Amino acid sequence: MKPADTLLTPRPARERVRDASARSAVTVAGLIGLVALAGVAVFLGVEGWPGLTARTGLPLQAANFWALAWPLAFGSFWAAVLGLGLAVPVAIGVALAQTWYVPRWAGRFLGATFDILAAIPSVVYGLWGLMIIAPRLAPVYAWLGAHLSWCPLFAGPPSASGRTILTAALVLAVMVLPVMAALCREVFAQTPRTTVEAALALGATRWEVIRLAVWPTGKAGVVSGAMLGFGRAVGETMVTAMVISPAPFLVGFGLINSTNPNTIAAFIAQTFPESHGVEVATLLALGLVLFVITFVVNVVARRIVRATGGRV
Amino acid sequence: MTALAGRPAGVSTRRRLTDHVATVAAWAAFAAAAIPLVSLLVTVVTRGLARLDMTFFTSSMRGIVGAGGGAAHALWGTVLVTLAATAISVPIGVGTAVYLVEYGRPVLSRLLWFLVDVMTGLPSVVAGLAAYALIVMVVGPGARSGLAGAIALSLLMIPVVVKSSAEMLRLVPTDLREAATGLGASRPAVIATVGLPAARPGIVAGVMLGVGRIIGETAPLLLVAGFTDSLNLNLTTGRMATLPVYIYSQWQNKGADQAAYDNRAWTAALVLIGLVLLFSLAARLLGRLLAPTSLKG
């Protein structure tokens with residue numbers, strides 16, 4: 001599309017040079033952006049390769065890369081699943097409460113609080129979980145360990161400090177809640193007004209309106225929002241690094257134990273500052289594993305969004 | 001939704017009960033969400049006030065054991081690293097957005113959009129590792145500096161800037177562009193005199209959002225900018241402390257006088273949250289103030 005160029009008198013050479021240089025400057029910026037973003041995987045792959053194949057000198061004297069990576073990947077997944085399991089029902093409930101139940105001022109108050117909380121850095125959540133939440137949960141864990149130890153999840157021995165994977169999951173849930181609740185509310189708000197009114201006209205109670213009209217249209221949005229939240233929780237570093245009291249190579253579902261599985265992100269943050277040589281390469285390769293996990297989760301979440309025609 | 005306040009007459013007990021249970025559940029979820037959130041805010045404010053004094057802003061931790069000291073070095077580090085990351089991200093981000101909206105070839109554009117979308121979800125610790133790997137490739141292993149931290153943060157900030165800038169550039173009415181072209185303006189002139197000025201409020205707001213996102217990042221800075229007790233104003237050499245990493249290290253390297261370290265950590269958290277809120281507020285205000293009247297609403 002160059003109407004001016006073809007129809008009018010030729011431009012002066014100075015102007016054409018300026019046009020061409022502006023165009024190439026912008027193209028170069030685009031290419032740098034492309035390289036920077038695509039480069040993440042490349043940089044990690046190139047520098048992390050020695051870690052993937054090493055047999056000696058790995059962190060924690062691991063036998064090989066996968067012996068180290070598997071328990072950490074398990075921990076990342078387990079913490080994120082627990083966190084989302086706690087956050088999703090509350091997020092749905094909050095979104096419904098804000099639009100259907102709570103007085104408008106209360107809904108707006110919570111919305112404003114959410115806006116502030118969405119902006120709070122994760123290291124502050126870590127500090128809060130570690131110093132405020134964990135000590136208060138320790139007696140709860142002791143009680144759970146004493147009374148529910150027949151259940152494998154609470155088999156214990158219970159942690160005296162409260163720094164368990166369940167505490168970390170709780171903090172993660174609080175952390176992803178503002179974003180997820182806002183997302184759910186937006187999705188539920190897209191319910192066609194006529195459908196709601198039709199349900200009401202048929203004599204539905206408030207709950208039946210939600211179940212018959214609001215939920216069916218919002219379901220897919222909630223699922224993809226949960227997946228985006230999962231992607232965030234699985235890569236979250238500071239909360240798990242500060243709250244969980246980890247044991248090396250541990251794979252276990254226990255929620256209240258004094259020893260817990262560690263997560264990939266937390267392990268990287270804890271180990272990296274004092275690492276050298278092969279250890280660093282191993283951590284870079286671990287970063288690549290985490291990158292692939294979040295990449296897949298994000299792509300799938302966005303596919304769902306697109307398939308259902310929603311926008312997130 | 002006020003029309004829903006009453007329940008229709010003649011509803012069976014079971015349905016009425018279910019409705020009641022749902023109402024209680026929604027209120028319970030509301031409370032379950034509000035309690036931890038309020039607790040977090042109250043804790044940070046009350047515990048943070050303990051050390052919110054002048055020394056905190058004027059003194060570093062050099063030679064400090066136990067009480068006293070401050071976070072001046074970390075504050076300066078945060079300011080410098082954030083400025084550097086912004087200086088890297090804005091030209092690349094806005095340039096990429098202009099390319100996407102004004103010049104983009106189909107294949108390259110789609111690839112770029114996909115990457116920007118996916119990179120919005122990049123875990124920050126991975127950005128730190130990638131920046132480290134990049135720097136190792138260029139200058140060799142072991143180097144930690146404020147600039148390395150800025151590069152890591154710009155990996156997180158570029159997608160935010162690209163997204164918001166491109167969205168705003170797309171909203172510029174075609175009429176305006178066509179009018180400028182009709183007056184004989186060249187393509188870059190149209191972009192520079194019509195596209196960018198019209199999109200400016202959105203771009204500025206997007207940059208502020210990006211700054212708000214990166215200013216509280218801990219993990220990447222912990223990896224590549226490191227930590228120090230002294231003031232370092234040189235971005236290219238030596239470790240540089242930043243506020244988030246300061247919070248982490250106050251907790252992690254506690255001395256005998258634990259309360260002194262805890263108090264400093266909470267005060268740093270309060271200051272950091274203040275900074276983040278300042279930027280998100282600025283993003284909103286600037287977005288509103290700079291909006292050209294023709295594009296409002």
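**Exercise 1.** State which handedness the crossing of α5(A) and α11(B) has, and which residues make the contact.

*Solution.* In this predicted model, the crossing of α5(A) and α11(B) is left-handed. Helix α5 of chain A covers residues 122-147, and helix α11 of chain B covers residues 258-289. Their axes come within 10 Å and cross at roughly 140°. From α5(A), the contact uses A:Val124, A:Leu127 and A:Met131. From α11(B), B:Asp262, B:Ala265, B:Ala269, B:Leu272 and B:Ile273 take part. Sorted by type, the residues of this contact are seven nonpolar, no polar and one charged.

**Exercise 2.** Find how many residues each chain puts into the contact between chains A and B, and which helix gives the most on the side of chain B.

*Solution.* Chain B supplies 78 residues and chain A supplies 76. On the side of chain B that touches chain A, helix α1 (residues 13-48) of chain B gives the most, with 20 residues. That side of chain B divides into 57 nonpolar, 15 polar and six charged residues.

**Exercise 3.** Decide whether α5(B) is roughly parallel, roughly perpendicular, roughly antiparallel or oblique to α6(B).

*Solution.* Begin with the angle: helix α5 (residues 124-139) and helix α6 (residues 146-171) of chain B pack at about 130°, with their axes 8 Å apart. Because roughly perpendicular covers 65 to 115 degrees and roughly antiparallel needs over 145, α5(B) is oblique to α6(B). The crossing of α5(B) with α6(B) is right-handed. The contact includes B:Ala127, B:Gly128 and B:Ala131 of α5(B), and B:Ala148, B:Ile151 and B:Leu155 of α6(B). Its residues comprise eleven nonpolar, two polar and no charged.

**Exercise 4.** List what B:Ala131 touches, leaving out residues up to four places away in sequence, and say which residues touch the most other members of the largest nonpolar core.

*Solution.* With those residues left out, B:Ala131 touches B:Ala148, B:Ile151, B:Ala152, B:Leu155, B:Pro220 and B:Val224. The largest nonpolar core has 202 residues. Those touching the most other members are A:Ala91, B:Leu129, B:Ala130, B:Ala131 and B:Ala269. Helix α3(A) gives the most to this core, with 20 residues.

**Exercise 5.** Determine whether A:Pro89 is buried, partly exposed or exposed.

*Solution.* A:Pro89 lies in helix α3 (residues 65-101) of chain A. It has 14 C-beta neighbours inside 10 Å. Buried requires 20 or more and exposed 12 or fewer, so A:Pro89 counts as partly exposed. A:Leu44 is 45 residues from A:Pro89 in sequence, and their C-alpha atoms are 36 Å apart.

How values were computed
Residues numbered from 1 in each chain as written. Chains lettered and ligands numbered in written order. Predicted model: local features only at pLDDT ≥ 70, side-chain atom pairs only at ≥ 80, totals over all residues. Helix = DSSP H or I, 4+ residues; strand = E, 2+ residues; numbered from the N terminus. Axes fitted to C-alpha atoms, helices over the stretch in contact; angles between N-to-C directions. Left-handed = near helix turned anticlockwise from the far one by under 90°. Contact = placed C-beta atoms within 7 Å. Nonpolar A, V, L, I, M, F, W, Y, C, P; charged D, E, K, R; others polar. Parallel < 35°, antiparallel > 145°, perpendicular 65-115°, else oblique. Core = buried A, V, L, I, M, F, W, Y, C linked by C-beta atoms within 7 Å.
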